[in-house]
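Trainee: I am new to this structure and would like to learn how to read its features one at a time. Could you take me through them, giving the general idea before the particular case?

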Amino acid sequence: METSFYDSAFFTYGLLPGLIFFSRVMDVTIGTIRIVMVSKGHKLWAPLLGFFEILIWLIAISKIFQNLDNWFCYIAYAAGFACGNYVGLLIEEKLAVGIVKLQIITRKEASKLIENLTAAGYGITHHNAQGANERVSIIHSIIKRSEIKNVETIVKTTNPKAFYSVEDVKFVNEGVFPVHPARFRIRKGK
């Protein structure tokens with residue numbers, strides 16, 4: 001008596017757990033990105049991603065329930081969840097969606113740092129303050145999240161001992177943001 005492909009050991013202990021693993025990676029990755037979209041107020045993306053997240057999850061969990069005696073499926077499901085969290089965070093980091101508030105506190109005179117930030121096109125607000133032990137300068141700026149690395153570079157090269165913090169901002173009605181040349185340009189025919 002011949003067994004079908006779906007009853008074979010290859011399918012039961014290899015392919016099926018692999019498919020469950022990749023399904024779980026996809027649905028958890030989508031879920032991670034969906035949570036970011038919810039927190040940023042993206043009213044179209046969050047429900048759309050939620051639809052696909054749950055659809056993929058339902059398919060994966062139905063295969064688990066159809067194979068309750070297969071421990072390889074359980075391990076694949078759990079491993080897919082863990083890997084999906086990691087992949088989702090990597091993608092979210094690359095997307096760098098949103099706007100952040102940057103606060104820089106510097107012990108030394110801040111004029112050069114202010115000059116470098118404004119020369120790079122960042123809007124700043126600056127004031128002097130009294131710190132715990134000495135006078136400090138505090139610089140505030142609202143920047144696109146994708147610009148954090150650029151600003152960090154300016155701060156570290158100008159004043160490497162400056163303290164800075166970054167906070168998420170949900171909404172900004174106006175601001176000064178640097179204008180970068182277009183990365184992709186449409187070339188017209190010759």
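**Reading exposure, contacts and charge pairs**

Mentor: Let us begin with a single residue in this predicted model: Ile59 is partly exposed, since its relative accessible area is 49%, and the label follows because buried means under 20% and exposed means over 50%, with partly exposed in between. Ile59 is placed in helix α2, which covers residues 45-66, and together with Leu44, Trp45, Leu48, Phe51, Phe52 and Leu55 it forms a nonpolar surface patch whose accessible area adds up to about 740 Å².

Trainee: How many helices and strands does the protein chain have, and in what order do the elements run?

Mentor: The protein chain has 5 helices and 4 strands, and, read from the N terminus, their order is α-α-α-β-α-β-β-α-β. Of the 190 residues in the chain, 36% are buried, while carbon and sulfur atoms supply 64% of the roughly stated exposed area, about 13200 Å².

Trainee: Is Val151 buried or exposed, and with which residues is Val151 in contact beyond its sequence neighbours?

Mentor: Val151, which belongs to helix α5 (residues 148-158), is buried, because its relative accessible area of 2% falls under the 20% cut-off. When neighbours within four places in sequence are left aside, Val151 is in contact with Leu102, Leu117, Tyr122 and Ile143. The C-alpha atoms of Val151 and Ala120 are 8.8 Å apart, although their positions lie 31 residues apart along the chain. For the chain as a whole, among contacts with a separation of 6 or more, 71% join residues that are 24 or more positions apart.

Trainee: How should I read empty space, and which residues line the largest cavity?

Mentor: The general idea is to ask whether a probe that fits in a space can get out, for in a cavity it cannot, whereas a pocket is open. Searching the whole structure gives 1 cavity of 30 Å³ or more, and the largest cavity has a volume of about 40 Å³. Its lining consists of Leu102, Ile143, Ile148, Val151, Glu152, Val155, Tyr164 and Val166, with α5 and β4 (163-169) being the elements that give two or more residues. The largest share of that lining, 4 residues, is from α5.

Trainee: What is the volume of the largest pocket, and which element supplies the largest share of its lining?

Mentor: The largest pocket has a volume of about 240 Å³, and α5 again appears, with the largest share of this lining at 3 residues. The lining residues are Glu93, Lys94, Ala96, Arg145, Ser146, Ile148, Lys149 and Glu152, and both α3 (71-95) and α5 supply at least two of them.

Trainee: How many salt bridges are found, and where do Arg24 and Asp27 lie?

Mentor: To read a salt bridge, look for a side-chain nitrogen of Lys or Arg within 4 Å of a carboxyl oxygen of Asp or Glu; the search finds 6 of them in the whole structure. Arg24 and Asp27 form one, at 2.9 Å from N to O, and both residues lie in helix α1 (residues 9-39), 3 residues apart, or about one turn of the helix. Arg24 is buried at 8% relative accessible area, and Asp27 is buried at 3%.

Trainee: Which residue forms a salt bridge with Arg34?

Mentor: Glu53 does, with the closest N and O atoms 2.6 Å apart; Arg34 is in helix α1 and Glu53 in helix α2, so the pair ties together parts 19 residues apart in sequence. Here Arg34 is partly exposed at 23%, whereas Glu53 is buried at 13%.

Conventions. Residues are numbered from 1 along each chain as its sequence is written. This is a predicted model: local features need pLDDT of at least 70, side-chain atom pairs count only at pLDDT 80 or more; totals for chains, interfaces and linings use all residues. Side-chain values use heavy atoms; hydrogens and water are left out. Buried means under 20% relative accessible area, exposed over 50%, partly exposed in between (1.4 Å probe, protein chains only). Contact means heavy atoms within 4.5 Å. Accessible areas come from the Shrake-Rupley method with a 1.4 Å probe; for residues, only the protein chains shown count as cover. Patches are made of residues with over 30% relative accessible area and no salt bridge: like charges are joined within 9 Å, nonpolar side chains (Val, Leu, Ile, Met, Phe, Trp, Tyr) within 5 Å. On a 1 Å grid over the protein atoms alone, a cavity is a set of points where a 1.4 Å probe fits but cannot get out, and a pocket is an open set with protein on both sides within 12 Å along at least five of seven lines; lining residues have an atom within 4 Å of a point. Grid points are joined across faces, edges and corners, and a volume is the space filled by probe spheres set on the points.
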